[in-house]
Every structure is written in structure tokens, then in C-alpha cells.
Amino acid sequence: MEQKTTQVTNKDVVAALNIITRGRMVTSWDEVSSGSNPYVVTKTSHIPGKGIVEIPGLVFGDPAGLVRRIGVGMTLTESMIELASGMGLDLLVVHHPVADAASSGGVPFADYLPLYGLSLIELHEAFHGLHPGMTMMHGHRKLSTDIAFGGVPGNVLHKGIALEGIATVAGLLSQLAGWLDRDSDQRLLEAERMIRGESSLQEATMANPARLLSGRMDKPVKHILHFFPHTGFSLEHLEQALLLYPETDTIIVSISRVREDHPFVTLARERGLNFIVGNSHSVEIMENGLPLAYALEMLLPEVEVFLLRERVTAVPLSDIGSSQMVDYGRGIAEDHLVAGTPRAVQNI
């Protein structure tokens with residue numbers, strides 16, 4: 001595998017990211033311990049031992065380590081680590097915060113990443129609000145962005161106005177459908193179903209299309225609030241935002257989604273507002289990851305940059321196409337996992 005010769009180091013990549021993020025990166029561990037960097041954020045549901053501290057910077061690896069090949073991804077998994085190994089990557093730059101074991105196949109980074117010579121950088125909150133791509137895809141030009149709405153770090157709220165030429169809900173949804181090459185994803189899914197003999201196979205991107213949950217396709221669209229429910233955005237936050245921006249006619253939620261019976265949707269219906277669920281989290285690699293990857297390539301032209309995109313699929317056990325793997329799974333389960341188990345326990 002031919003690789004470029006380079007003198008770029010992990011420290012240089014952090015410096016490039018500091019340019020991209022307007023100085024938000026951690027360049028000294030003192031910023032973590034002192035709390036001086038506002039993008040070092042603790043995220044927790046208060047489940048003992050499950051919280052995480054986001055550290056936008058080099059979280060594993062030698063700052064002087066040479067970098068020839070960078071992989072840019074969203075969420076670190078063991079699959080991504082193994083792909084990086086096979087491709088001979090030197091550094092992974094991931095958007096979401098990482099954690100020992102949770103992000104590395106159940107083991108510490110120190111036992112896994114050195115096997116493949118991998119270093120690791122995370123970004124998350126340090127990358128939020130830097131570009132208009134996500135709002136542009138969703139048919140509006142952002143006028144302002146609050147990345148800690150209601151005082152909650154990472155609780156992003158965009159206030160926007162519909163792009164020129166978009167006047168209705170139908171026009172906005174048409175704009176959104178034109179991005180991301182969903183036709184190719186659909187053909188890929190159909191081909192995989194046929195090849196595997198699994199007609200009910202589902203894939204994350206295609207399982208979550210954009211939807212209109214309140215309003216009509218012919219209703220006007222102009223003043224837009226765009227937020228992300230999984231960041232801690234509450235009904236009270238929405239009511240506060242509507243007080244701040246009473247001209248709002250359309251609400252868009254994306255990355256994470258809500259269902260038709262969610263209080264957000266009920267409030268929108270009560271007030272006669274359009275409510276749209278847009279792109280899901282599974283395509284953020286294109287919305288945020290792709291611009292980040294190109295920015296790194298522009299600043300570090302001697303380094304090869306790769307976009308690491310995961311596909312997640314699901315299939316009912318009754319539809320698994322490989323008879324050999326069905327026999328294996330059933331056999332192991334029957335002989336080693338439930339053998340001798342009382343029937344009442346099996347039926348729980």
C-alpha cells in the first residue's frame with residue numbers, strides 16, 4: 001500500500017482543527033482541569049459511571065506522531081477501528097465524544113489503538129454552529145445560532161429564513177430530498193436485500209425519511225426554527241423560542257426525531273405551525289463530516305483524508321438469508337445458552 005511521505009504530526013492536525021473551529025480546540029490539558037475551555041463539557045444522564053467529558057482535541061496518541069492518512073467519522077466503534085487498521089490510517093478524527101470500552105469494543109484505548117498505530121481526536125461541541133450546511137440542506141438560511149439555548153451546553157437552536165424560491169412546505173421538502181443521493185442508498189438497499197435473500201432488511205438512512213407531522217404541503221414557509229431534540233431541547237425551550245421569535249411559521253427538527261404524538265407536534269398543531277422532521281442522525285456524516293474532511297484536506301494537502309461512513313442494517317431472525325449462519329446461531333443458543341434452562345424462564 002503506497003503512502004504519502006509527510007512531516008505532518010498529530011499536533012499539526014490539532015492546529016488545523018483550531019483554525020477550522022475558530023480556536024475551540026484543547027491544546028493543553030490545563031484547559032481540561034481548569035475549566036477554562038467552554039467546549040470541554042460533561043454529558044451525563046446521572047447513571048453511575050456512564051457520564052462522559054467531551055475533550056475537543058487529541059485524546060489518544062503522541063502529539064509528535066506522524067500523520068499520513070486521516071479518517072474522518074462520526075461515532076467511534078470497533079468497526080471503524082478495524083476499518084482504519086485495514087486501510088493503514090494513522091489518525092481518526094471523530095465528531096462525537098469517545099469513551100474507553102464504549103467506543104472501542106469493550107476494552108481500553110491503550111490496549112487496542114496502539115496495535116494499529118492509531119491516534120484519536122474528538123470534536124463535538126467545538127464543531128457546532130460553524131457552518132450553514134445543515135440549515136441550507138433543510139431549506140433555510142440561518143440568521144442566528146445559539147449553541148447553548150436555555151443555558152444548556154450543546155442545545156443548538158437555529159433561527160432561519162426560507163431560501164429564495166422556497167415558499168411552501170412542499171418546496172422545502174423537495175429541497176431536502178435533493179441532497180444526500182438517497183436514490184443510490186435505495187438502490188443499494190434493494191441490491192443487498194436481493195443478494196442476501198433478506199427481503200425485509202432495513203437500513204438506518206432509508207428507515208427515517210423526512211416527514212411532515214403538522215401542517216399541509218401547500219402551507220407557506222418563511223420563518224423557521226430548527227433544533228435537535230436529543231440535545232435536551234424541552235417543550236419549555238420551544239415555548240421560550242416562540243416567544244423570542246413570534247413570526248415563526250415552521251419548526252424543523254433533525255438529527256434526532258420525534259413521533260406524531262410528541263408534545264412538540266401537539267404544540268405546533270395547536271398554534272397552526274408547520275412541523276417537519278428532517279434528516280436523521282445517520283446522515284450527519286455527510287452534513288458535518290464531509291465539510292470537516294474537505295477542510296482538513298485543504299489545510300493539510302500532503303495528508304490523505306478519508307470519509308468513514310457506517311451503514312447499520314436490521315433483519316428479523318426469520319428472514320436471515322444465510323442458512324449456515326442460522327444453523328450456527330440456533331445451535332449455539334440451544335446447546336450452550338439455554339440448555340437446561342427451565343421452560344418458564346425461556347418464556348419470560
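What share of the contacts in the chain with a separation of 6 or more comes from residues 24 or more positions apart?

## Contacts along the chain

In this predicted model, residues 24 or more positions apart account for 73% of the contacts in the chain that have a separation of 6 or more. The chain that makes these contacts contains 13 helices and 15 strands.

## Overall dimensions

The C-alpha trace of the chain spans about 60 × 60 × 40 Å along its principal axes. For 348 residues, a compact globule would be expected to have a radius of gyration near 20 Å, and the chain, at 23 Å, agrees with that expectation.

## Surface and charge

Of the 348 residues in the chain, 43% count as buried. The accessible surface comes to about 17,700 Å², and carbon and sulfur atoms contribute 55% of that surface.

The chain carries 27 positive and 40 negative charges, and the mean positions of these two groups lie 7 Å apart.

## A look at Ser 199

Ser 199 sits in the loop that lies between helix 7 (182–196) and strand 9 (202–203). Ser 199 counts as exposed because its relative accessible area is 60%, and exposed here means over 50%.

When residues up to four places away in sequence are left out, Ser 199 touches Arg 193 and Asp 319. Gly 160, by comparison, is 39 residues from Ser 199 in sequence, and the C-alpha atoms of Gly 160 and Ser 199 are 41 Å apart in space.

How values were computed: Residues are numbered from 1 along each chain as its sequence is written. This is a predicted model: local features need pLDDT of at least 70, side-chain atom pairs count only at pLDDT 80 or more; totals for chains, interfaces and linings use all residues. Side-chain values use heavy atoms; hydrogens and water are left out. Helices (H or I, at least four residues) and strands (E, at least two) are DSSP runs, numbered from the N terminus. The radius of gyration is taken over C-alpha atoms; the globule rule is 2.2 Å times the number of residues to the power 0.38. Buried means under 20% relative accessible area, exposed over 50%, partly exposed in between (1.4 Å probe, protein chains only). Contact means heavy atoms within 4.5 Å. Accessible areas come from the Shrake-Rupley method with a 1.4 Å probe; for residues, only the protein chains shown count as cover. Lys and Arg count as positive and Asp and Glu as negative; His and the chain ends are not counted. The place of a charge is taken as NZ of Lys, CZ of Arg, CG of Asp or CD of Glu.
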